[in-house]
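This report looks at how several helices pack in one protein chain, and at the surroundings of two chosen residues. Please keep the sequence and the structure at hand while reading.

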Amino acid sequence: MTKTPQVARWPPPSPAVCELFRRGAEMALSAPPEWLEEIDQASLSTDNLHLMADDPVIMAATRRANRSNLVHWAMANIEKPGAPVAPHLPPDMLSTARELVRRDATSLMFTAARAAQDAAWQRWMVIAFQLTSDPSELRELLSVSARSIASFIDACMREMTIFMKAEHDQLVRGTHVDRRELVTAILEGAVVSAQQASHRLDYPLNHAHHAAVIWSEQAETEIGVLDEAANTFARCAGSTQPLTVIANAATLWVWTTGDKALDVQALQVALRKLSDVRMTIATAGHGIEGFRRAHLDALATQGVLGRLNSPAQVASFDEIRLVALMARDPEATLQFIKHTLGGLSTAQPSLRRSLRIYLSAGCNATLAAERLHTHRNTLLRRLARAEELLPRPLAQNQIHVAAALEALSWTAAS
């Protein structure tokens with residue numbers, strides 16, 4: 001736990017106020033039940049605290065924690081009036097915090113603590129005005145006690161933040177471990193109940209599926225950046241609840257329902273803001289087999305990018321399907337490219353891209369120029385130069401040239 005602040009940085013109150021503080025702390029220990037009830041109600045009365053107030057177990061634990069903290073603070077000030085009070089997290093407080101972490105409602109703990117602090121301060125002022133009528137003593141007593149109460153609550157909340165973060169991390173790790181075990185079993189072909197698996201994963205398996213492999217090759221990539229990419233992927237598929245599995249420290253496996261077409265262009269634009277993130281995507285049919293197939297296709301696409309040392313940030317299996325077959329033997333693919341393209345394989349990238357787009361446009365120069373956002377005459381000049389570099393006439397070798405250009409477009413040399 002956090003150590004009590006050094007006394008040297010915390011001037012002690014005057015002897016007279018020390019005695020007043022001690023007497024006030026003794027009065028707080030014997031506070032009437034209605035005072036304690038006011039503090040309890042304050043900590044549970046805010047509109048967004050209905051989750052806590054509606055749960056009798058949490059309510060009972062909150063009451064016990066409030067009393068425990070009051071006793072801890074009062075006893076500390078009876079022993080050393082006005083001195084810093086060490087933070088105190090009673091078991092009831094920790095159990096409530098653990099439950100709020102599980103419900104993804106951690107902010108309620110801090111809201112409740114501040115509300116209870118305000119109510120306790122109101123009651124403490126009543127005690128303070130009963131202790132003395134001397135303005136100077138009262139001013140010092142209120143100043144010292146305000147510092148004491150606020151610093152005690154702040155210290156408790158700092159410790160609570162550390163505790164809740166540790167609980168959240170453990171919960172996330174546990175959740176992802178469970179997910180990964182089940183997902184791995186599905187991917188490896190284990191026979192599982194689609195209904196039960198859907199319930200455990202909180203993801204509907206009886207749909208078509210979009211799958212993504214999201215990763216970063218940069219050192220110390222934060223998982224939050226990959227999560228942001230996963231949510232972007234889901235939004236571009238018209239979904240809000242992707243299934244995410246941590247494959248390793250820098251890789252996520254993600255699925256989202258494929259009922260709507262994936263907006264690949266919007267995805268590519270959005271991911272430019274996450275320059276260190278890369279993604280491969282695939283779409284497959286319904287059910288567990290579609291779930292498995294989509295992932296394996298996305299994984300295969302990632303493998304192709306790796307084997308070809310491709311700089312592409314986003315790649316879909318549909319785009320790379322032909323190249324995936326060719327890239328199973330990278331050395332043979334490289335030889336095919338060099339043999340088919342000759343001098344064009346090392347020429348200016350604009351020449352290769354112009355010819356590739358021209359071929360994909362059905363050899364329609366006007367359409368290709370539109371796709372390239374260039375003038376038709378400029379395109380024709382590039383095509384003529386590209387043909388000069390080919391070892392064989394394009395008209396006799398269109399299919400092979402198109403395949404070689406497609407493969408080369410996914411490599412770092414493109």
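Which residues of helix 15 (residues 365–372) are buried?

## Helix 15 and its buried face

In this predicted model, the buried residues of helix 15 are A365, A368, A369 and L372. Viewed down the axis of helix 15, these buried residues lie within an arc of 100°, so they line one face of the helix. The neighbours against which the buried residues of helix 15 pack are helix 14 (349–360) and helix 16 (376–389).

## Helix 14 against helix 16

The two neighbours of helix 15 also pack against each other: the axes of helix 14 and helix 16 come within 9 Å and cross at roughly 105°. Because angles from 65 to 115 degrees count as roughly perpendicular, helix 14 and helix 16 are described as roughly perpendicular to each other. On the side of helix 14 the contact is made by S350, L351, S354, L355 and Y358, while helix 16 contributes L379, R382, L383, R385, A386 and L389. By class, the residues of this contact between helix 14 and helix 16 divide into 7 nonpolar, 2 polar and 2 charged.

One of the contact residues in helix 14 is S350, which is partly exposed, with a relative accessible area of 30%. S350 and P330 are 20 residues apart along the chain, and their C-alpha atoms are separated by 24 Å.

## Helix 1 against helix 6

A further packed pair is formed by helix 1 (residues 15–29) and helix 6 (residues 107–131), whose axes are 10 Å apart and make an angle of about 130°. That angle makes helix 1 oblique to helix 6, and the crossing in which helix 1 passes helix 6 is right-handed.

From helix 1, the residues L20, F21, R23, G24, A25, M27 and A28 meet W124, I127, Q130 and L131 of helix 6. The contact of helix 1 with helix 6 comprises 8 nonpolar, 2 polar and 1 charged residues.

## C18 in helix 1

Is C18, a residue of helix 1, buried or exposed? C18 is buried, with a relative accessible area of 18%, a value that falls under the 20% cut-off for burial. When residues up to four places away in sequence are not counted, C18 touches P13 and P81. C18 and L141, although 123 residues apart in sequence, are 8.3 Å apart in space, C-alpha to C-alpha.

Methods
Residues numbered from 1 in each chain as written. Predicted model: local features only at pLDDT ≥ 70, side-chain atom pairs only at ≥ 80, totals over all residues. Heavy atoms only, no water. Axes fitted to C-alpha atoms, helices over the stretch in contact; angles between N-to-C directions. Helix = DSSP H or I, 4+ residues; strand = E, 2+ residues; numbered from the N terminus. Parallel < 35°, antiparallel > 145°, perpendicular 65-115°, else oblique. Left-handed = near helix turned anticlockwise from the far one by under 90°. Contact = heavy atoms within 4.5 Å. Nonpolar A, V, L, I, M, F, W, Y, C, P; charged D, E, K, R; others polar. Buried < 20%, exposed > 50% of the residue type's maximum accessible area, 1.4 Å probe, protein only. Arc of directions from axis to C-beta.
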